[in-house]
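Dear colleague,

Please find the structure below, together with the sequence. My notes on what turned up in it follow after that.

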Amino acid sequence: MGGGSDQVCRFRRVLLDARARVLAFPNYAHTPAAFLQVETRGVVPEVEAHKYFSQIAAGVLHMHSLGIAHRDLKLENVLLDFTETEVKIIDFGLAHAYQPRADGTGYEVALLKQFCGSKSYCPPEMLAAVPYNGFAVDIYSLGVCLFALVTGFFPLEEACPRDWRFEKLARIQLAGRSTTQAVFALYQRPCPLSDACVRLLDGMLHLDPRKRISLQEVIASDWMASGGKEVAQCAGAGAGGAWSTSAGGASGASGWDKSLEVDMSSLGVERGVGSSSAETFEGVISADEDERALNPTVPKLERQPARSLGPAPG
């Protein structure tokens with residue numbers, strides 16, 4: 001791929017069979033996916049997660065430099081070698097290749113329309129079926145990969161109003177608060193991550209793609225530079241913020257500060273894929289009134305099949 005990258009799987013041979021199917025043969029097989037590291041260990045320490053994530057980010061940077069958006073980045077699509085130290089990004093079946101600009105200065109980043117990817121790794125703009133930037137989609141998916149590595153669960157089951165956590169996180173972000181701290185406060189857990197890791201996750205997991213950090217900012221972040229060795233802990237999740245982890249009645253559920261009024265429509269999306277109504281974010285029921293918020297459980301880390309729905313990219 002464009003001179004190759006150590007982090008991107010290369011193919012020894014590509015054939016077209018009699019039924020016009022493309023058969024691709026990788027140059028060699030890696031074994032377990034990074035997903036298994038989390039599945040078997042629960043949580044990957046930041047120093048080890050940094051070794052994996054820095055390679056994943058380097059591979060994605062190489063793809064983006066060639067105008068290719070992967071659109072299905074997930075831990076299952078990151079293979080490890082036999083020493084479990086080197087990674088390869090695989091499965092480009094949903095990738096999109098942007099056209100080079102005529103003047104050779106980059107790529108024409110046309111907005112895409114096809115819904116594809118894996119549920120918990122998809123950003124809200126894709127789930128909302130609005131035109132999206134494929135590179136920004138990859139940044140959100142990278143954020144979910146890192147979050148899952150260092151916590152053992154997903155920040156959201158899906159980034160749309162069907163997930164009761166979604167509106168809460170959208171409000172948190174619009175109020176300028178930490179997404180990562182808010183997720184831990186939802187489950188009344190202290191945030192065990194370093195400040196640098198939290199800042200990086202918050203930048204990648206922004207629900208508004210216009211505010212999501214760039215891949216160059218990911219590479220240049222404090223956490224990437226530190227090697228994941230920063231040990232400063234998050235300040236108490238929810239302390240002085242919109243979340244309260246104090247007992248809220250018998251349930252002790254985290255409470256939402258209703259004084260935070262924000263314009264949810266500024267996220268630029270209005271409904272989730274498959275919605276049968278013109279429901280907007282303003283009309284989504286508050287999780288305070290949702291029985292699921294009384295006994296919250298983290299979105300379980302599980303294997304997710306890729307999906308491809310809707311019109312082909314225009």
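**Notes on the structure**

Just after helix H5, glycine 176 has a positive phi of about 80°. Please keep in mind that this is a predicted model.

H5 itself spans residues 164-174 and is mostly covered, with 10 of its 11 residues buried. Among the buried residues are Trp164, Phe166, Leu169, Ile172 and Gln173, and also charged ones by name such as Arg165, Glu167, Lys168 and Arg171.

Helix H6 covers residues 179-186 and includes threonine 179. The relative accessibility of threonine 179 is 4%, under the 20% cut-off, so this residue counts as buried. Leaving out residues up to four places away in sequence, threonine 179 touches Leu169, Ile172, Gln173 and Asp202. Of these contacts, Leu169, Ile172 and Gln173 are buried residues of H5.

Now the overall figures. The protein has nine helices and 13 strands. Of its 314 residues, 50% are buried. Among contacts with a separation of 6 or more, 69% are between residues 24 or more positions apart. The accessible surface comes to about 14,300 Å², and carbon and sulfur atoms account for 54% of that.

Next, the core. The largest nonpolar core contains 69 residues, and Phe53, Leu142, Leu200, Leu201 and Met204 are those with the most contacts inside it. Helix H4, residues 134-151, supplies the largest share of this core, with 12 residues. Leucine 142 is in contact with Phe53, Ile56, Val60, Leu73, Met204 and Leu215, once its neighbours within four places in sequence are set aside. Two of those partners, Phe53 and Met204, are also on the list of residues with the most contacts in the core.

H4 deserves a paragraph of its own. All of its residues, 18 of the 18, are buried, so the helix is largely enclosed by the rest of the structure. From first C-alpha to last, H4 reaches 26 Å, close to the 26 Å expected at 1.5 Å a residue. At its start, a side-chain oxygen of asparagine 133 comes to within 2.8 Å of the backbone nitrogen of phenylalanine 135. At the other end, H4 is followed by glycine 152, which has a positive phi near 85°.

Phenylalanine 147 is also part of H4. Its relative accessible area is 0%, so phenylalanine 147 is buried. Apart from neighbours within four places in sequence, phenylalanine 147 is in contact with Gly152, Phe153, Phe154, Pro155, Thr180, Val183, Phe184, Leu201 and Leu205. One of these, Gly152, is the glycine that follows H4, and another, Leu201, is listed among the core residues with the most contacts. The C-alpha atoms of phenylalanine 147 and cysteine 197 are 9.1 Å apart, although the two residues are separated by 50 residues along the chain.

Last, the cysteines. How many disulfides are there? The count is zero. Cysteine 122 is in none, and the nearest cysteine sulfur, which belongs to cysteine 116, is 7.0 Å away; the cut-off for a disulfide is 2.5 Å. Cysteine 122 counts as buried because its relative accessibility is 2%. Cysteine 191 has a relative accessibility of 6%, so cysteine 191 is buried too.

Regards

Notes: Residues are numbered from 1 along each chain as its sequence is written. This is a predicted model: local features need pLDDT of at least 70, side-chain atom pairs count only at pLDDT 80 or more; totals for chains, interfaces and linings use all residues. Side-chain values use heavy atoms; hydrogens and water are left out. Helices (H or I, at least four residues) and strands (E, at least two) are DSSP runs, numbered from the N terminus. Buried means under 20% relative accessible area, exposed over 50%, partly exposed in between (1.4 Å probe, protein chains only). Contact means heavy atoms within 4.5 Å. A nonpolar core is a set of buried Ala, Val, Leu, Ile, Met, Phe, Trp, Tyr and Cys residues joined through side-chain atoms within 4.5 Å. Accessible areas come from the Shrake-Rupley method with a 1.4 Å probe; for residues, only the protein chains shown count as cover. The expected span of a helix is 1.5 Å times one less than its number of residues. A polar contact is a pair of N or O atoms within 3.5 Å; within protein, one must be able to donate a hydrogen and the other to accept it, and residues adjacent in sequence count only if both atoms are side-chain atoms.
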